[in-house]
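Biologist: Please take me through this structure, and explain the terms as you use them.

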Amino acid sequence: MKNMNNGKLNRPDVEIFENVELRAYNSMRLPARASFLALPHSPEGILKAIEFARSIDRPWFMLGGGSNVIFGEQCIDAVFIKPGKEFDYIRGTSDNSLRVGAGTPLPKLVDYCISRNIRGLASLWGIPGTLGGAIAGNAGADGSSICEFLTQVTLLDPDGFVHHISGTQLNWSYRSCELGDSIILEAHIKPGFSHPGEIQQVLKRVKTIRAKHPNLATEPSAGCIFKNPAGNSAGRLIDMAELKGTQVGGVMVSNKHANFIINTGNATPSDAVELIHLIQSRVNCLFGILLEPEVRIFGADFIKQGV
Ligand SMILES: Cc1cc2nc3c(=O)[nH]c(=O)nc-3n(C[C@H](O)[C@H](O)[C@H](O)COP(=O)(O)OP(=O)(O)OC[C@H]3O[C@@H](n4cnc5c(N)ncnc54)[C@H](O)[C@@H]3O)c2cc1C
C-alpha cells in the first residue's frame, strides 16, 4: 500500500492509498484491488476524498465493514472511502439517546445496548459490519430492522452540507434506505429500556438461528446474497433449485444456508459473480422469479448503479 505523495492529499484529515488489495476490506475475503482507498479522519476528509475522485474522474464509493459487498472484478477503478477510527464512537446525549458514529462496529453497539438493557438492538446480534453500512442497507433480523431504533441520522452531502434527518423522514424499505449520494456520519439510537429477561429471550432465539448459518471465521461470506422476494424466501428457492453445494471455482453455495455463498479458500471476484448469475438464472428458469441481490456488487457491470 503506497501513501499518495500528492500535496493536496497530504492533509491530516484523509490518507489516500493507491492500488490497494481489498481482501482485508471485505468479509468474503475476495482478493480484488482498488485503484484508490481513502481513509478519512473527519467529514472534511470525506469531502477531500470525493474531491480527489472527481479530480481524477473516477467514481467513489463508501465502504463500511465490507460485510455486504461483493468485489466483482479483479481491479476496480474507483476510489473507496472508508471512514477511519474517528467515526467509531458511542456517546450519551441529554435526551438519553445514544449518538453513534457511522464507523462504529455494529456488534460493539449491540453489545453496548445489551449490557445496559437498552431496548431493541438485541435482534441485530451477530450482524457484522458498521452502523453506517447497517443504515445504508436497513439491516435487520428476527423481524426487526435498524430503522426502528433510530431517532435521527446525520448525513453529509457531497457538496459539503450536513443534514440532520429524523429517522422517520428517511425512505426505508426492506434492506434498503434511499440515501442518494449522501454519506452517513452518525445516528441517534432511541432511548428506552427493556427487561433483561426479555433481551435474553431475544438473544437466545437469535443465537440459535445464527448457529445454523455459515461461520464467518471459517467460511467467509457476505451474508445473504439475495433479498427475499415478496412472500417467499430466497434461500428456500435456491434450495429447491438444488443448488446447495454448487461450486464455481473457489465459491460455493453453502450447504448450511442456500442464500449464502462462501469462499472455499481461493475464490476470485469472477467466481463470485459467475455463481451469482448462475443462481439467478436457475431460479428464474425454474420458478420465474428473478432474485435481486441484497449485497452491493462492485464491478464493471454493476458500477453504474453505485453511489
Ligand atoms: C455472516 C454474516 C451474517 C449477516 N447477517 C445479516 C443479517 O442477519 N441481517 C442483515 O441485514 N445483514 C446481514 N449481513 C450483511 C451485513 O453484515 C449487513 O448488511 C451490514 O449492516 C453491512 O455493514 P457494513 O459496514 O459491512 O457495510 P458495507 O458492506 O461496507 O457496505 C454496504 C453498503 O453500505 C454503504 N455504506 C457503508 N457505509 C456507509 C456510510 N457511512 N454512508 C453511506 N453509505 C455507506 C456502502 O456503500 C454499501 O453500499 C450479514 C453478513 C455476514 C457476513
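Modeller: I begin with residues 303–307, where pLDDT stays under 50 and the model has nine contacts beyond four places in sequence. This is a predicted model, in which local features need pLDDT of at least 70 and side-chain atom pairs count only at pLDDT 80 or more, while totals for chains, interfaces and linings use all residues. Residues are numbered from 1 along each chain as its sequence is written.

Biologist: What makes pLDDT a statement of confidence?

Modeller: pLDDT is by definition the predictor's confidence in each residue, from 0 to 100. Over residues 1–10 it also stays under 50, with 14 contacts beyond four places in sequence; two residues are in contact if their C-beta atoms, placed from the backbone, lie within 7 Å. The chain averages a pLDDT of 93, and 94% of the residues score at least 70.

Biologist: How do you know which domains the chain has?

Modeller: The bounds come from an automatic or database domain assignment, which gives domain 1 (2–85), domain 2 (88–210) and domain 3 (215–294). The contact between domain 1 and domain 3 takes 14 residues from domain 1 and eleven residues from domain 3.

Biologist: Which residues come nearest to the ligand, and why is Gly counted as polar?

Modeller: Of the 34 residues around the ligand, Gly64, Gly129, Gly132, Gly133 and Gly223 come nearest; a residue is near a molecule if its C-beta atom, placed from the backbone, lies within 6 Å of it. Ala, Val, Leu, Ile, Met, Phe, Trp, Tyr, Cys and Pro count as nonpolar, Asp, Glu, Lys and Arg as charged, and the others as polar, so Gly is polar. The shell divides into 19 nonpolar, 14 polar and one charged.
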